[in-house]
Amino acid sequence: MSESVALDPVDLHILRLLQNDARTTYRELAAEVGVAPSTCLDRVARLRRSGVILGHRLRLDPARLGRGLEALLLVQVRPHRRELIGPFVDRIRALPESRAFFHLTGPDDYLVHVAVADPTDLQRLVLDEFTSRREVARVETRLIFQQWECGPLMPPTADGRNPATGSGTRPGSRGQRRTSSGRSPVPP
């Protein structure tokens, strides 16, 4: 497990702003957090070097790319042995339909988030890429009707306060937040 990194309020503010819009310029970031642009640049570089910032991603709309049906596949693999798991993981991660892939505890071994064109395409994917594999014992499919992105991932503070909201919310609860542009990063 990775070691946590000490972050001060300016670091947290920078991270919150970048998570809401990774295209924010250093000049805009610096003005928003109240530091010089060079200081802001140094802080972001330190956050990258320390592994807090892993990278930037472009989000695409699956529906606009012809993959409007999303589902979660719960997959059970038997026998659950390393020599079978490695090739299975590599194959599923390489599928263009795969959006996210999780190794789990409990009765299911994997959870795969997929995006496909329609129910026929989902059936093809499950039959041709999952249940046809000899190590796959079972696949359960759950359609995704709607999904929401949640707010920025912020480390807990020493006093248990939520740095994203400034309140003492309990873990897992979400308060309503606004970005500097007045937009809410979490749908109401």
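**Exercise 1. Which residues are buried in α3?** Work on the predicted model, and then find how the buried residues are arranged around the helix.

*Solution.*
Step 1. Locate the helix. α3 covers residues 37–49, which makes 13 residues.
Step 2. Check its span. From first C-alpha to last, α3 reaches 18 Å, close to the 18 Å expected at 1.5 Å a residue.
Step 3. Pick out the buried positions. They are Cys40, Arg43, Val44 and Leu47.
Step 4. Look down the axis of α3. The buried residues fall within an arc of 95°, so they line one face of the helix.
Step 5. Turn to the other side of α3. Asp42 and Arg49 are exposed there.
Step 6. Ask what covers the buried residues. The cover includes α1 (9–20) and α2 (26–33).
Step 7. Move past the end of the helix. Gly51 follows α3, and its phi is positive, near 85°.

**Exercise 2. Describe the aromatic pairs that involve Phe88, and place each partner in the chain.**

*Solution.*
Step 1. Recall what to report. A pair of aromatic rings is described by the distance of the centres and the angle of the planes.
Step 2. Start from the search. Over the whole structure, three aromatic pairs are found.
Step 3. Take Phe88 with Phe101. Their centres lie 6.2 Å apart with 65° between the planes, and the pair is edge-to-face.
Step 4. Place these two rings. Phe88 sits in helix α4 (residues 82–94) and Phe101 in strand β2 (residues 98–103), 13 residues apart. The pair links distant parts of the chain.
Step 5. Judge their exposure. Phe88 has 0% relative accessibility and counts as buried. Phe101 has a relative accessible area of 22%, so it is partly exposed, because buried requires under 20%.
Step 6. Take Phe88 with Tyr110. The ring centres are 5.4 Å apart and the planes stand at 55°, so this pair is tilted.
Step 7. Place Tyr110. It lies in strand β3 (residues 110–116), 22 residues from Phe88 in helix α4. Again the pair links distant parts of the chain.
Step 8. Judge this pair's exposure. Both Phe88 and Tyr110 are buried.
Step 9. Put the rings together. Phe88, Phe101 and Tyr110 form one aromatic cluster.

**Exercise 3. How many disulfides does the count give?** Then classify Cys40 and Cys150 by accessibility.

*Solution.*
Step 1. Apply the cut-off. A disulfide needs two cysteine sulfur atoms within 2.5 Å.
Step 2. Read the count. It comes to zero disulfides.
Step 3. Classify Cys40. At 0% relative accessibility, Cys40 counts as buried.
Step 4. Classify Cys150. At 47% relative accessibility, Cys150 counts as partly exposed.

Note on methods: Residues are numbered from 1 along each chain as its sequence is written. This is a predicted model: local features need pLDDT of at least 70, side-chain atom pairs count only at pLDDT 80 or more; totals for chains, interfaces and linings use all residues. Side-chain values use heavy atoms; hydrogens and water are left out. Helices (H or I, at least four residues) and strands (E, at least two) are DSSP runs, numbered from the N terminus. The expected span of a helix is 1.5 Å times one less than its number of residues. Buried means under 20% relative accessible area, exposed over 50%, partly exposed in between (1.4 Å probe, protein chains only). The arc is that of the directions from the helix axis to the C-beta atoms. Contact means heavy atoms within 4.5 Å. Rings of Phe, Tyr and Trp (its six-membered ring) pair if their centres lie within 6.5 Å; planes under 30 degrees apart count as stacked, over 60 as edge-to-face and the rest as tilted.
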